[in-house]
Amino acid sequence: MHHITVSRARLVLRTNAAFSVVSGLIAVAAAGWVSDVSGIDHVLLTRIGGVGLLLFAADVVRQSRLPESKLPFALLQTSIADASWVVATAIVLALVDLTGWGVAGAIVIAIAVADFGAAQLWLRAKLVRRPDPVTVVAAS
């Protein structure tokens, strides 16, 4: 069971990274289109955000390869970054006049990122859970 949890944790981190790579590549390669469709006034900001996502993805892939003993901290660290993205999205939605497509895109991406964060925290909890003393005694 523990080995399956470790494998799932690595898979969630890699899936999170893949989502960030796709999002980052779109933001970098099609920055003008993304800016026009979303209502972001500065193409450079879209490109900078895309590069940031690509750097984040590279770090998350690195974390997914860490030894098992360091995996719980990696899951926590990535979940904190994901939560920061969700909070930043809420701030952008409150302060920036995005188009309807921009609002919808931001919300969909924030939901996906929140899902990754929740899955990572759930798997982390399974990895750091201490065995139930009653079960250990009964098994002896």
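The paragraphs below lead through a predicted model, beginning with its nonpolar core and ending at its surface.

A useful place to start is the interior, and the general idea to keep in mind is that in soluble globular proteins nonpolar side chains tend to be buried together. In this model the largest nonpolar core has 11 residues in all, namely Val-6, Ala-9, Val-12, Leu-13, Ala-17, Ala-57, Val-60, Leu-71, Leu-75, Leu-123 and Leu-127. Four helices take part, since H1, H3, H4 and H5 each supply at least two residues of this core, and the largest share, five residues, comes from H1. To see how one member of the core meets other parts of the chain, look at Leu-123, which, when its neighbours within four places in sequence are left aside, is in contact with Thr-5, Arg-8, Ala-9, Val-12 and Leu-75.

Helix H1 is also the place of Ser-20, a residue that counts as buried because its relative accessibility is 5%, where the cut-off for buried is under 20%. Not counting residues up to four places away in sequence, Ser-20 touches Leu-53, Phe-56 and Ala-57, and Ala-57 has already been named as a member of the largest nonpolar core.

Two glycines can be considered next, one in helix H3 and the other in helix H2. Gly-50, whose place is in helix H3, has a relative accessibility of 0% and therefore counts as buried. Its contacts, again without residues up to four places away in sequence, are Gly-24, Ala-27 and Val-28. Measuring along the model from C-alpha to C-alpha, Gly-50 and Gly-39 are 16 Å apart in space, although they are 11 residues apart in sequence. Gly-32, in helix H2 (residues 31-38), is partly exposed, with a relative accessible area of 27%. The C-alpha atom of Gly-32 is separated by 8.9 Å from that of Arg-47, and these two residues are 15 residues apart along the chain.

The aromatic residues offer another link between helices, for the structure holds one aromatic pair. The ring centres of Phe-19 and Phe-116 are 5.7 Å apart and the ring planes stand at 55°, so the pair is tilted. This pair links distant parts of the chain, with Phe-19 in helix H1 (residues 2-29) and Phe-116 in helix H5 (residues 100-128), 97 residues apart. Phe-19 is partly exposed, with a relative accessible area of 27%, whereas Phe-116, at 15% relative accessibility, counts as buried.

Charged residues come next, and here the general point is that side chains of opposite charge can pair when their charged atoms come close. The count for this model comes to one salt bridge, formed between Asp-59 and Arg-62, whose closest N and O atoms are 2.8 Å apart. Both residues lie in helix H3 (residues 43-64), three residues apart, which is about one turn of the helix. Asp-59 is partly exposed, with a relative accessible area of 27%, and Arg-62 is likewise partly exposed, with a value of 42%.

Finally, nonpolar residues also appear at the surface, where Val-87, Ile-91, Val-92, Leu-95 and Val-96 make a nonpolar patch of about 450 Å². One of these residues, Leu-95, is found in helix H4 (residues 71-95), and Leu-95 is exposed because its relative accessible area is 70%, the cut-off for exposed being over 50%.

How values were computed. Residues numbered from 1 in each chain as written. Predicted model: local features only at pLDDT ≥ 70, side-chain atom pairs only at ≥ 80, totals over all residues. Heavy atoms only, no water. Salt bridge = Lys/Arg side-chain N within 4 Å of Asp/Glu carboxyl O. Buried < 20%, exposed > 50% of the residue type's maximum accessible area, 1.4 Å probe, protein only. Patch = residues over 30% accessible without salt bridge, like charges linked within 9 Å, V, L, I, M, F, W, Y side chains within 5 Å. Areas by Shrake-Rupley, 256 points an atom, 1.4 Å probe, with all protein chains shown as cover. Phe/Tyr/Trp six-rings, centres within 6.5 Å; stacked < 30°, edge-to-face > 60°. Core = buried A, V, L, I, M, F, W, Y, C linked by side-chain atoms within 4.5 Å. Contact = heavy atoms within 4.5 Å.
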